[in-house]
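Trainee: I'd like to learn how to read salt bridges and pockets in a model like this one. Could you walk me through it?

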Amino acid sequence: MNHLNDPSNPNDSNDSNDQHHRNQPGAPHALATSPGSVDGWQDVRDRLDLRRLVDTYASALDRRHTELFASLFDEGGELVLNRPSGSGRPPLVFDGRDGWAGALSVLESCVVTTHFVGNHTVTLNGDGATGEAYCLAHEIRPAEDATHDVDDGRRARTPTRMPMPTRMRMRVRSIRYHDSYRRTAGSWRFARRTLTVDWTEDRVLVSPSAG
């Protein structure tokens, strides 16, 4: 007797039908589960949470939100600012003992900043992780004077000092962050974030108020 698809038969199975369905175009595929993952989506959730952490760091900087900034670091967390290569000066190290306001004080001379986060790579290891993030930091400051150089057209191309409307100066920094993350109480935070500036570019801007 044929017990096709008989639920009372423990040896019966819909495997052949399931396999046929999975082979159809557009059929969903199960996410591969990596060793040690709680489920197939755990790595995805962790990576999204870590990206949110990195993006929130940039937002807290631009909004000068000290409390939010401090909340992104684990207890005992550190922010390390490497000095320019060849300067011979030790890195600046900020942590909760010094008050995170000190880390934001380096931006006090800026009228406005925009930190644009790009690449973000992560290696997960349980409740710990490491990563690297790229960032272009745009820092707008008042110009140091109210004049600029204009080519007067002579063959010698001698610059002539001419008055101009109020200017702003923009410095663009290409930043690499080397990160260590730690998950505590279900939330990811920075255990250590090390900042290195790869290059800088200075630009002169005419302020919007000048027309």
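Mentor: Happy to! Keep in mind that this is a predicted model. Let's begin with one side chain: Glu139 is buried, because its relative accessible area is 5%, and the cut-off for buried is under 20%.

Trainee: Which residue forms a salt bridge with Glu139?

Mentor: The general idea is that side chains of opposite charge can pair when their charged atoms come close. Here the partner of Glu139 is Arg173, with 2.9 Å between the closest N and O atoms. Glu139 sits in strand S4 and Arg173 in strand S7, so to speak of sequence, they are 34 residues apart, and the pair links distant parts of the chain.

Trainee: Where do Arg176 and Asp198 lie, and what does their pair tie together?

Mentor: Arg176 forms a salt bridge with Asp198, and their closest N and O atoms are 2.7 Å apart. Since Arg176 belongs to strand S7 and Asp198 to strand S8, the pair ties together parts that are 22 residues apart in sequence. For accessibility, Arg176 is partly exposed at 22%, and Asp198 is also partly exposed, at 40%.

Trainee: How far apart are the closest N and O atoms of Glu201 and Arg203?

Mentor: They are 3.2 Å apart, and the two residues form a salt bridge. Glu201 has a relative accessibility of 35%, so it counts as partly exposed. Arg203 is partly exposed too, with a relative accessible area of 34%.

Trainee: How many salt bridges does the structure hold?

Mentor: Twelve. Some charged residues join in a network rather than a single pair: Asp46, Asp127 and Arg183 are linked in this way by salt bridges.

Trainee: Now the pocket, please. How much space lies in the largest pocket?

Mentor: About 520 Å³. A lining of 24 residues surrounds that space, and those closest to its centre are Leu81, Asn82, Arg173, Leu195 and Val197. You have met Arg173 already, as the salt-bridge partner of Glu139.

Trainee: Which elements give two or more residues to the lining of the largest pocket?

Mentor: They are helix H2 (42-63) and the strands S1 (73-81), S4 (128-142), S7 (167-184) and S8 (187-206). Strand S8 gives the most, with four residues.

Trainee: How do the residues of that lining divide into nonpolar, polar and charged?

Mentor: The lining has 14 nonpolar residues, five polar ones and five charged ones.

Key
Residues are numbered from 1 along each chain as its sequence is written. This is a predicted model: local features need pLDDT of at least 70, side-chain atom pairs count only at pLDDT 80 or more; totals for chains, interfaces and linings use all residues. Side-chain values use heavy atoms; hydrogens and water are left out. On a 1 Å grid over the protein atoms alone, a cavity is a set of points where a 1.4 Å probe fits but cannot get out, and a pocket is an open set with protein on both sides within 12 Å along at least five of seven lines; lining residues have an atom within 4 Å of a point. Grid points are joined across faces, edges and corners, and a volume is the space filled by probe spheres set on the points. Ala, Val, Leu, Ile, Met, Phe, Trp, Tyr, Cys and Pro count as nonpolar, Asp, Glu, Lys and Arg as charged, and the others, Gly among them, as polar. A salt bridge is a side-chain nitrogen of Lys or Arg within 4 Å of a carboxyl oxygen of Asp or Glu. Buried means under 20% relative accessible area, exposed over 50%, partly exposed in between (1.4 Å probe, protein chains only).
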